[in-house]
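Student: I've never looked at this one before. Could you walk me through it, one question at a time?

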Amino acid sequence: MQSKTTLMKTTGLIAMLLAAGSVWAQSATTVYAVSYYEVVAANQATSAQSAPAAIFANYKQAASKESGAVSIDVLSDQGRPNHFTMIEVWNDQDAYTRHLAAASAKQLTSAVTPWLAGPKDERLYSKFQ
């Protein structure tokens, strides 16, 4: 239930930013990919998520250089440090599709998979009017 609440809050935040005409709101063809990751919490009392955080940081750095990338942000849940949300903005569907075949996307999948507590939840959005 808590994950569903977090998902609704994050989705609401994205909707508010888009409605406010934030820097994310590029054009009608812009693709917004929002992915949710829950990694195995080895030790909640320490910064046990440093390996997954480094994986996401490396991915962000590599994917941001790809043609068609507008922005990539990785957020961590303040109350649950093993929950991450990634918000990616791509110029259009073609740029996003090319990205999925790129080395950065494949490296992210292979590096983060052993850390996952469950499947990645990915949702694609487009600008509403």
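Student: Let's start with one residue, then. Is K60 buried, partly exposed or exposed?
Tutor: Keep in mind that this is a predicted model. K60 has a relative accessible area of 32%. Buried would need under 20% and exposed over 50%, so K60 comes out as partly exposed.

Student: Which side chain does K60 meet in a salt bridge?
Tutor: In general, side chains of opposite charge can pair when their charged atoms come close. Here the N to O distance is 3.9 Å, and the cut-off for a salt bridge is within 4 Å. The partner is itself partly exposed, with a relative accessible area of 25%. The side chain that K60 meets is that of D73.

Student: How many residues apart in sequence are the parts that this pair ties together?
Tutor: Look at where the two ends sit: K60 is in helix α2 and D73 is in strand β2. So the salt bridge links a helix to a strand, and the separation in sequence is 13 residues.

Student: How many salt bridges does the structure hold?
Tutor: Besides the D73 and K60 pair, D77 forms one with R80, where the closest N and O atoms are 2.9 Å apart. Another joins K120 and E122, at 3.6 Å between the closest N and O atoms. Those are among the total, which is 4.

Student: Is R80 buried or exposed?
Tutor: R80 has a relative accessibility of 13%, and the limit for buried is under 20%. For K120 the value is 38%, which makes it partly exposed, and E122 at 33% is partly exposed as well. R80, though, counts as buried.

Student: Let's zoom out. In what order do the elements of the chain run?
Tutor: There are 4 helices and 4 strands to place. Starting from the N terminus, the elements run α-β-α-β-β-α-α-β.

Student: Which are the edge strands of the sheet?
Tutor: The 4 strands form an open sheet with antiparallel pairing, in the order β2-β3-β1-β4. An edge strand pairs on one side only. That picks out β2 (69-76) and β4 (121-126).

Student: Which residue in β3 does A69 stand opposite?
Tutor: β2 and β3 pair in the antiparallel sense over 7 bridges. A69 falls within β2, which spans 69-76. Opposite A69 in β3 stands W90.

Student: At about what angle does α3 run to β3?
Tutor: Picture α3 lying across β1, β3 and β4. Relative to β3, the helix runs at about 130°.

Student: Why are the buried residues of α4 on the same side?
Tutor: The buried residues of α4 (residues 103-112) are S104, A105, L108 and V112. An α-helix has 3.6 residues a turn, so residues three or four places apart point the same way. The buried residues of α4 are on the same side because they cover an arc of only 100° around the axis.

Student: What covers those buried residues, and which exposed residues are on the face turned away?
Tutor: The cover includes β1 (31-38), α2 (50-63), β3 (83-90) and α3 (93-100). On the face of α4 turned away from its buried side, the exposed residues are K106, Q107 and S110.

Student: Last one: what percentage of the chain's residues is buried?
Tutor: The chain has 129 residues, and its accessible surface comes to about 7500 Å². Of that surface, 57% belongs to carbon and sulfur atoms. As for the buried residues, they make up 35%.

Technical notes. Residues are numbered from 1 along each chain as its sequence is written. This is a predicted model: local features need pLDDT of at least 70, side-chain atom pairs count only at pLDDT 80 or more; totals for chains, interfaces and linings use all residues. Side-chain values use heavy atoms; hydrogens and water are left out. Buried means under 20% relative accessible area, exposed over 50%, partly exposed in between (1.4 Å probe, protein chains only). The arc is that of the directions from the helix axis to the C-beta atoms. Contact means heavy atoms within 4.5 Å. Two strands pair if DSSP finds at least two bridges between them. Axes are lines fitted to C-alpha atoms, for helices over the stretch in contact, and angles run from 0 to 180 degrees between N-to-C directions. Accessible areas come from the Shrake-Rupley method with a 1.4 Å probe; for residues, only the protein chains shown count as cover.
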